[in-house]
Every structure is written in structure tokens, then in C-alpha cells.
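Please open the model in your viewer and keep the sequence panel visible beside it. The stops below give a selection to make and then describe what is found there.

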Amino acid sequence: MSLAEYAKKDSVKTGYTAWKDLNDENRKAWEEALAGYKSGIPASVVYRWLQEEMDCPLTDSTVRNQLISDSKL
């Protein structure tokens with residue numbers, strides 16, 4: 001059986017949902033964070049805002065890497 005066939009049959013799901021996809025409030029906060037980063041606000045400031053104002057549990061490294069990744073889309 002190929003990997004693709006196995007994946008179609010496999011019913012186990014990880015259950016992981018990214019913080020930004022958990023609800024509309026988080027999604028809006030992430031969109032604002034990404035727009036701010038793209039406009040020149042440093043990732044460290046974006047991270048502190050997400051952590052302090054939006055109760056985001058992600059680490060600074062995770063936020064920074066996701067900002068870099070999402071800003072390329």
C-alpha cells in the first residue's frame with residue numbers, strides 16, 4: 001500500500017489547531033499582527049502585543065517564524 005492510500009484510510013487525526021485558527025478573535029488579531037509586521041513594526045513588538053493584549057500562548061520564536069512565513073504569502 002502506498003503512503004497516499006494509507007493516508008486516505010487512516011482515521012487518526014492530530015487534533016492540532018493553530019492559535020490563529022481557533023476563533024475569529026485570534027484570526028483578526030493575527031491579521032492585525034501580520035499587517036503591522038509588514039508595515040515595519042518589529043517582530044518583538046508584535047510578539048509582546050500578542051502575548052500581553054491578546055493572551056497568545058506562542059513563544060517569541062514561533063511568532064517570529066510564522067510572521068516571516070505568512071508575510072511571504
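A residue is called buried here when its relative accessible area is under 20%, exposed when that value is over 50%, and partly exposed in between. The model on display is a predicted one.

**Stop 1: aspartate 70 and its partner**

Select aspartate 70 to begin. Its relative accessibility is 8%, so aspartate 70 counts as buried. Now add lysine 20 to the selection: these two residues form a salt bridge, and their closest N and O atoms are 2.7 Å apart. Because aspartate 70 belongs to helix α4 while lysine 20 sits in the loop between α1 and α2, the pair ties together parts that are 50 residues apart in sequence. Side chains of opposite charge can pair in this way when their charged atoms come close. A search of the whole structure finds 3 salt bridges; the remaining ones appear at Stop 4.

**Stop 2: helix α4**

Extend the selection to residues 60–71, which make up helix α4. This helix has 12 residues and reaches 16 Å from its first C-alpha to its last, close to the 16 Å expected at 1.5 Å a residue. Colour Val63, Leu67 and Asp70, which are buried in α4. Where do the buried residues of α4 fall when the helix is seen down its axis? They fall within an arc of 80°, so they line one face of the helix. An α-helix has 3.6 residues a turn, so residues three or four places apart point the same way. To see what the buried residues of α4 pack against, display α2 (24–38) and α3 (43–54).

**Stop 3: helix α3 and the residue after it**

Move to α3 and select Ala43, Val46, Tyr47 and Leu50, which are buried in this helix. They cover an arc of only 100° around the axis, which puts them on the same side of α3. The buried residues of α3 pack against α2 and α4. Rotate the view to the face of α3 turned away from its buried side, where the exposed residues Glu52 and Glu53 are carried.

Next, select aspartate 55, which follows α3 and is placed in the loop between α3 and α4. Is aspartate 55 buried or exposed? At 64% relative accessibility, aspartate 55 counts as exposed. Check its backbone as well: phi of aspartate 55 is near 55°, a positive value in a residue other than glycine. Most residues other than glycine have a negative phi.

**Stop 4: a network of salt bridges**

Select Asp21, Asp24 and Arg27, which are linked in a network of salt bridges. Arginine 27 pairs with aspartate 21, the closest N and O atoms being 3.5 Å apart. Arginine 27 also forms a salt bridge with aspartate 24, again with the closest N and O atoms 3.5 Å apart. Aspartate 24 and arginine 27 both lie in helix α2, 3 residues apart, about one turn of the helix. With a relative accessible area of 39%, aspartate 21 is partly exposed; arginine 27, at 32% relative accessibility, also counts as partly exposed.

**Stop 5: a nonpolar surface patch**

Finish with Met1, Leu3 and Tyr6, shown as a surface. These residues form a nonpolar patch with about 410 Å² of accessible area together. Tyrosine 6 is found in helix α1 (residues 3–9), and its relative accessible area of 49% makes tyrosine 6 partly exposed.

Note on methods:
Residues are numbered from 1 along each chain as its sequence is written. This is a predicted model: local features need pLDDT of at least 70, side-chain atom pairs count only at pLDDT 80 or more; totals for chains, interfaces and linings use all residues. Side-chain values use heavy atoms; hydrogens and water are left out. Patches are made of residues with over 30% relative accessible area and no salt bridge: like charges are joined within 9 Å, nonpolar side chains (Val, Leu, Ile, Met, Phe, Trp, Tyr) within 5 Å. Accessible areas come from the Shrake-Rupley method with a 1.4 Å probe; for residues, only the protein chains shown count as cover. A salt bridge is a side-chain nitrogen of Lys or Arg within 4 Å of a carboxyl oxygen of Asp or Glu. Helices (H or I, at least four residues) and strands (E, at least two) are DSSP runs, numbered from the N terminus. Buried means under 20% relative accessible area, exposed over 50%, partly exposed in between (1.4 Å probe, protein chains only). The expected span of a helix is 1.5 Å times one less than its number of residues. The arc is that of the directions from the helix axis to the C-beta atoms. Contact means heavy atoms within 4.5 Å.
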